[in-house]
Amino acid sequence: MENSTQESHLRSDNAVTYESPYPLYAMALSSTPAVTHLNHQRIALGSFIEDYANRVHIISFDPESLTLTTHPSLSFDHPYPPTKLMFQPHRKSPFSSSSDLLASSGDYLRLWEVGHSSIELISILDNSKTSEFSAPLTSFDWNDVEPNRIGTSSIDTTCTIWDIEKGVVETQLIAHDKEVYDIAWGEARVFGSVSADGSVRIFDLRDKEHSTIIYESPQPDTPLLRLAWNKQDLRYMATTLMDSNKVVILDIRSPTMPVAELDRHGASVNAIAWAPQSYKHICSAGDDTHALIWELPTVAGPNGIGPLSMYSASSEINQLQWSATQPDWIAIAFSNKMQLLKV
């Protein structure tokens, strides 16, 4: 295996950069160390090519030597650009403990088993009623309390909850009036979603007939694109609006009125991620090439909230992940590059 790996060269003490042969969009950081090296973290990167043929690369990061290692045997073809990639949460998995499980969304939800030197497609989960057409999946989220459960969002206005161990649909909900762009779990049976209809809604699987609208866009029918639920304090969520430089922070106890609006980006916000180890920190990234880290105050001052720190990329940042296993590191994707930033 040694002769089939390549190490990237470090650009600086606080940033490690990987350059892909393709434009990048989807990105996932493993929630457990790599099987072969306990201090290494796996990173999955999906290409963004406007064609059927796309690729997913899996690389590993060593935070001690600050090196990225590519694994050609863990690179695989993917139909269409994956809209999201995610490794299994750090809990007991129904699958083999000697390997990672990776999920991807696009035309279908796919599950891949990532071994030491090989990738195996273990299931394609398709809930379409006809064989001719499947509504594309915009996103999904893996339930970290019950990791046999994944929720997907689709342009057909639905959210589908899968039992991936059994390979069956647990339930499918018509969640919104228009396309659903993102989904996020809060608790074992509670999830939120955002849509082109401009609303954030919360669903409880114990009461499938009802949902709660937590927030609606100030301008009617302005789509909401991203949703992130604060796992350190489940009272708080964050969402982003289409073509907006704002990150809207919501308290689910006080529906309709945001508790804060983070508006210091110079262009549209594309990605958000709560800190895995702190309830009051969040990172955002956007078309202004900046990744901003924010600390939410107990009470916002009269001049609003300014960022705690700022990182600059060489082009628009499309994707952002905050490492749960290495919380000192944030990963961003822009153009054909993935960069790890020391925070």
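## Exercises on loops, a sheet and pockets

Asp243 is placed in the loop that joins β21 (236–241) to β22 (247–251). The model in which this residue is examined is predicted.

**Exercise 1.** Determine what is unusual about the backbone of Asp243 and whether the residue is buried or exposed.

*Solution.* Begin with the general expectation: most residues other than glycine have a negative phi. Asp243 is not a glycine, yet its phi is positive, at about 55 degrees. Next, consider accessibility. The relative accessible area of Asp243 is 68%, and the cut-off for exposed is over 50%. Asp243 is therefore exposed.

**Exercise 2.** Locate Thr289 and state the sign of its phi.

*Solution.* Thr289 belongs to the loop between β25 (281–286) and β26 (290–295). Its phi is positive, near 70 degrees, and Thr289 is a residue other than glycine.

**Exercise 3.** Describe the region 262–296 and the sheet formed by β24, β25, β26 and β27.

*Solution.* First, the record: an unreviewed UniProt entry carries the annotation "repeat: WD" for residues 173–213 and 262–296. Over residues 262–296, the chain is 54% strand and 0% helix, with its end C-alpha atoms 9 Å apart.

Second, the sheet: four strands in the order β24-β25-β26-β27 form an open sheet with antiparallel pairing. The edges are β24 (269–274) and β27 (309–312); each has a single partner strand, so one side of each lacks a neighbour in the sheet. On average, neighbouring strands of this sheet are turned by 15 degrees against each other, direction ignored.

Third, one pairing in detail: β26 and β27 run antiparallel and are joined by four bridges. Ala291 stands opposite Tyr311 of β27.

**Exercise 4.** Characterise the largest pocket by volume, lining and residue classes.

*Solution.* The largest pocket holds about 1,200 Å³ of space. Its lining comprises 45 residues, and those nearest its centre are Met86, Asp141, Lys231, Gln321 and Trp322. Elements that contribute two or more residues include β3 (24–33), β12 (137–142), β20 (224–229) and β24. The largest share, six residues, comes from β3. By class, the lining has 24 nonpolar, 14 polar and seven charged residues.

**Exercise 5.** Give the corresponding description of the second largest pocket.

*Solution.* The space in the second largest pocket is about 570 Å³. It is lined by 23 residues, with Tyr25, Phe48, Leu225, Arg226 and Asn318 closest to its centre. Two or more lining residues come from each of β3, β12, β20 and β24. The classes are 14 nonpolar, six polar and three charged.

Note on methods
Residues are numbered from 1 along each chain as its sequence is written. This is a predicted model: local features need pLDDT of at least 70, side-chain atom pairs count only at pLDDT 80 or more; totals for chains, interfaces and linings use all residues. Side-chain values use heavy atoms; hydrogens and water are left out. Buried means under 20% relative accessible area, exposed over 50%, partly exposed in between (1.4 Å probe, protein chains only). UniProt positions are given in the numbering used here, feature names are shortened, and annotations may be inferred rather than shown by experiment. Two strands pair if DSSP finds at least two bridges between them. Axes are lines fitted to C-alpha atoms, for helices over the stretch in contact, and angles run from 0 to 180 degrees between N-to-C directions. On a 1 Å grid over the protein atoms alone, a cavity is a set of points where a 1.4 Å probe fits but cannot get out, and a pocket is an open set with protein on both sides within 12 Å along at least five of seven lines; lining residues have an atom within 4 Å of a point. Grid points are joined across faces, edges and corners, and a volume is the space filled by probe spheres set on the points. Ala, Val, Leu, Ile, Met, Phe, Trp, Tyr, Cys and Pro count as nonpolar, Asp, Glu, Lys and Arg as charged, and the others, Gly among them, as polar.
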